[in-house]
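Please open the model in your viewer and keep the sequence panel beside it. The tour below moves from one selection to the next and says what is to be found at each stop.

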Amino acid sequence: MLDCIKVETCTRTGTCSPPVITERPACAGCTRLISERFLMCVNGAFWHERCLQCAACQQPLTATCYFRDTKLYCKNHYRQ
Ligand SMILES: [Zn+2]
Ligand SMILES: [Zn+2]
């Protein structure tokens, strides 16, 4: 099980509480740069909020997720 952590991008140093990233990362799901203010951090990789979903049922993964064969799953589908 992995934690899905919502983080905020911030280019103004000193004004945001951690965790904060200051560069636009590439999404691990769609590989595009993430330009939104908020993004999801899972196991050291960054995701668009909309890209972070179960590979089987497309359910949004907001708090915890499961990683298998480079794909993310919800609790139910990971066990199948
Ligand atoms: Zn994405
Ligand atoms: Zn699922």
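Two residues are in contact, or touch, if their C-beta atoms, placed from the backbone, lie within 7 Å. This is a predicted model, in which local features need pLDDT of at least 70 and side-chain atom pairs count only at pLDDT 80 or more, while totals for chains, interfaces and linings use all residues. Residues are numbered from 1 along each chain as its sequence is written, and chains are lettered from A and ligands numbered from 1 in the order in which they are written.

**The whole chain**

Begin with the cartoon view, which shows one helix and six strands, in the order β-β-β-β-β-β-α from the N terminus on. Helices (H or I, at least four residues) and strands (E, at least two) are DSSP runs, numbered from the N terminus. Next, colour by pLDDT, the predictor's confidence in each residue, from 0 to 100. The mean for the protein is 85, and 84% of its residues reach 70 or more. Among the elements, helix α1 (residues 75-78) has the highest mean pLDDT, 94, whereas β2 has the lowest, 64.

A residue is called buried if 20 or more other C-beta atoms lie within 10 Å of its own, exposed if 12 or fewer, and partly exposed in between, with the C-beta atoms placed from the backbone. Of the 80 residues, 18% count as buried. Among contacts between residues at least 6 apart in sequence, 28% join residues at least 24 apart.

**The paired strands**

Now select β1 (residues 2-9) and β3, which run antiparallel and are joined by five bridges; two strands are said to pair if DSSP finds at least two bridges between them. Within this pair, I5 has C41 as its bridge partner in β3, and K6 stands opposite M40. Keep M40 selected and add β4, where the bridge partner of M40 is W47. β3 and β4 also run antiparallel, with three bridges between them, and they form a hairpin with two residues in between, where N43 in the turn has a positive phi of about 55°. Return to β1 and add β5, with which β1 pairs in the antiparallel sense over two bridges; here L2 has C65 as its bridge partner.

**The nonpolar core**

Which residues make up the largest nonpolar core? Select C27, A28, I34, L39, M40, F46, W47, L52, L61, C65, L72 and Y73, twelve residues in all. A nonpolar core is here a set of buried Ala, Val, Leu, Ile, Met, Phe, Trp, Tyr and Cys residues joined through C-beta atoms within 7 Å. The elements that give two or more residues to this core are β3 (38-42), β4 (45-47) and β6 (71-73). Centre the view on F46, which touches P25, C27, A28, I34, L39, M40 and C41, not counting residues up to four places away in sequence.

**The loop between β2 and β3**

Select R37, which is found in the loop between β2 (20-21) and β3. R37 counts as exposed because 9 other C-beta atoms lie within 10 Å. Leaving out residues up to four places away in sequence, R37 touches E8 and T9. A distance drawn from R37 to H48, C-alpha to C-alpha, comes to 9.9 Å, although the two are eleven residues apart in sequence.

T31 is found in the loop between β2 and β3, and its phi is near 65°, a positive value in a residue other than glycine. T31 counts as exposed because it has 8 C-beta neighbours inside 10 Å.

**Two last loops**

Move to Q58 in the loop between β4 and β5 (64-68), where phi is near 60°, again a positive value in a residue other than glycine. Most residues other than glycine have a negative phi. Q58 is exposed, because 8 other C-beta atoms lie within 10 Å.

Finish at C74, in the loop between β6 and α1. Is C74 buried, partly exposed or exposed? C74 counts as partly exposed because it has 19 C-beta neighbours inside 10 Å. Show C54, C57, Q59, L61 and C65 as well, since C74 touches these residues, not counting those up to four places away in sequence. The C-alpha atoms of C74 and L61 are separated by 6.8 Å, with the two residues 13 apart along the chain.
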